[in-house]
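Let's take a walk through this one and see what turns up. Have the sequence and the 3D view open as you read.

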Amino acid sequence: MGKIDPKIEVSWKNALKDEFNSEYFHALRDFLIEEKKKYAIYPSGSDIFSAFDYTPFENVKAVILGQDPYHGKGQANGLCFSVSDGIKPPPSLVNIFKEIKNDLGIETPTTGNLEKWARQGVLLINATLTVRANQAGSHQNKGWEIFTDSIIKNLSENRSGLVFLLWGNFAKAKQQLIDKKKHYILKSAHPSPFSAYNGFFGCKHFSKTNEILKQLGNEEIDWSL
């Protein structure tokens, strides 16, 4: 089993070195190599780890957890819920912007690129970091979830005072990985049009995150784009 040397920000490379050298990660890499021979895979290879590149381990203040990358052409850019500049924001992202406007009075931005949040310490990760074009969930249960669960556990164990925003049942199930004595967990319905009215709208997670950061003496997040 050869050593995997991923192109990922150095603090994360150090934090996750055991994962990259594990049997499951080698199997995941082999799976992705085969997939790329037959299908278009999103996001592009250079963007798979972009959430980590924008938000080094010690810079993380808050974590937003998605499930799957967008599977439409040009949408996924490695940050959960985010799309690249010039791409129309999908419905869940539109609802996130609506809640930010209701919560903080920030006008809906012209871009759906959440890179600015990531640079301020919001780790925007999906549980599964790749997907086959036009096939939602196609890379689930191939090893990514083990990898991203290890990230949540690593942050829980080695950092303190982080705010975890868990939207929807899938994300809420991850709270068992988080030490509630050391961290803050905000839970709501998912921002999808199917569930946003069941508790995402009105959750005020963006102002609540900033209130927590302020209490801790940390710089607040500017949620405008």
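How many disulfides does a search of the whole structure find? Zero. Keep in mind that this is a predicted model, and everything below is computed from it.

## The cysteines

A disulfide is a covalent bond between the sulfur atoms of two cysteines. Why does Cys80 have no such bond? Its closest cysteine sulfur belongs to Cys203 and is 14 Å away, which is too far for a bond; the cut-off used here is within 2.5 Å. Looking from the other end, Cys203 is in no disulfide either, with the sulfur of Cys80 as its nearest cysteine sulfur.

Are these two cysteines buried or exposed? Cys80 is buried, at a relative accessible area of 0%. Cys203 is buried as well, with 6%.

## Aromatic pairs

A pair of aromatic rings is described by the distance of the centres and the angle of the planes. This model has 21 aromatic pairs. One of them joins Trp12 and Phe57, with 5.1 Å from centre to centre and 80° between the planes, making it edge-to-face. Trp12 sits in helix α1 (residues 10–15), while Phe57 is in the loop between α4 (50–54) and β2 (62–66), so this contact ties together parts of the chain that are 45 residues apart in sequence. Trp12 is buried at 0% relative accessible area, and Phe57 also counts as buried, at 7%.

Now look at Phe49 and Phe147. Their ring centres are 6.1 Å apart and their planes meet at 55°, so this pair is tilted. Phe49 lies in the loop between β1 (41–42) and α4, and Phe147 belongs to helix α7 (residues 144–158); the two are 98 residues apart, so the pair links distant parts of the chain. Phe49 counts as buried at 11% relative accessibility, and Phe147 is buried at 0%.

## A ring cluster and a charge over a ring

Which residues do ring pairs link into a cluster? Trp12, Phe20, Tyr24, Phe25, Phe49, Phe52, Phe57, Trp144 and Phe147. Both pairs described above have their residues in that list.

For a ring with a charge on top, go to Tyr39: the charged end of Arg132 sits over its ring, 3.8 Å from the centre.

## The cavity

Rolling a probe the size of a water molecule over the atoms shows where empty space is left. Searching the whole structure gives one cavity of 30 Å³ or more, and its volume is about 40 Å³. Which residues line it? The lining is made up of Phe97, Ile100, Ile106, Glu107, Thr108, Pro109, Trp117, Trp223, Ser224 and Leu225. By type, they divide into seven nonpolar, two polar and one charged.

One of the lining residues, Ser224, has its C-alpha atom 9.8 Å from that of Gly105, although the two are 119 residues apart along the chain. Gly105 lies in the loop between α5 (91–104) and α6 (115–119). Is Gly105 buried or exposed? Exposed, with a relative accessible area of 51%.

## One more loop residue

Finally, have a look at Ser138, found in the loop between β4 (131–132) and α7. Ser138 counts as buried, at 15% relative accessibility. From Ser138 to Thr128 the C-alpha to C-alpha distance is 9.5 Å, and they are 10 residues apart in sequence.

Terms used
Residues are numbered from 1 along each chain as its sequence is written. This is a predicted model: local features need pLDDT of at least 70, side-chain atom pairs count only at pLDDT 80 or more; totals for chains, interfaces and linings use all residues. Side-chain values use heavy atoms; hydrogens and water are left out. On a 1 Å grid over the protein atoms alone, a cavity is a set of points where a 1.4 Å probe fits but cannot get out, and a pocket is an open set with protein on both sides within 12 Å along at least five of seven lines; lining residues have an atom within 4 Å of a point. Grid points are joined across faces, edges and corners, and a volume is the space filled by probe spheres set on the points. Ala, Val, Leu, Ile, Met, Phe, Trp, Tyr, Cys and Pro count as nonpolar, Asp, Glu, Lys and Arg as charged, and the others, Gly among them, as polar. Rings of Phe, Tyr and Trp (its six-membered ring) pair if their centres lie within 6.5 Å; planes under 30 degrees apart count as stacked, over 60 as edge-to-face and the rest as tilted. Helices (H or I, at least four residues) and strands (E, at least two) are DSSP runs, numbered from the N terminus. Buried means under 20% relative accessible area, exposed over 50%, partly exposed in between (1.4 Å probe, protein chains only). A charge sits over a ring if NZ of Lys or CZ of Arg is within 6 Å of the ring centre and within 35 degrees of the ring normal.
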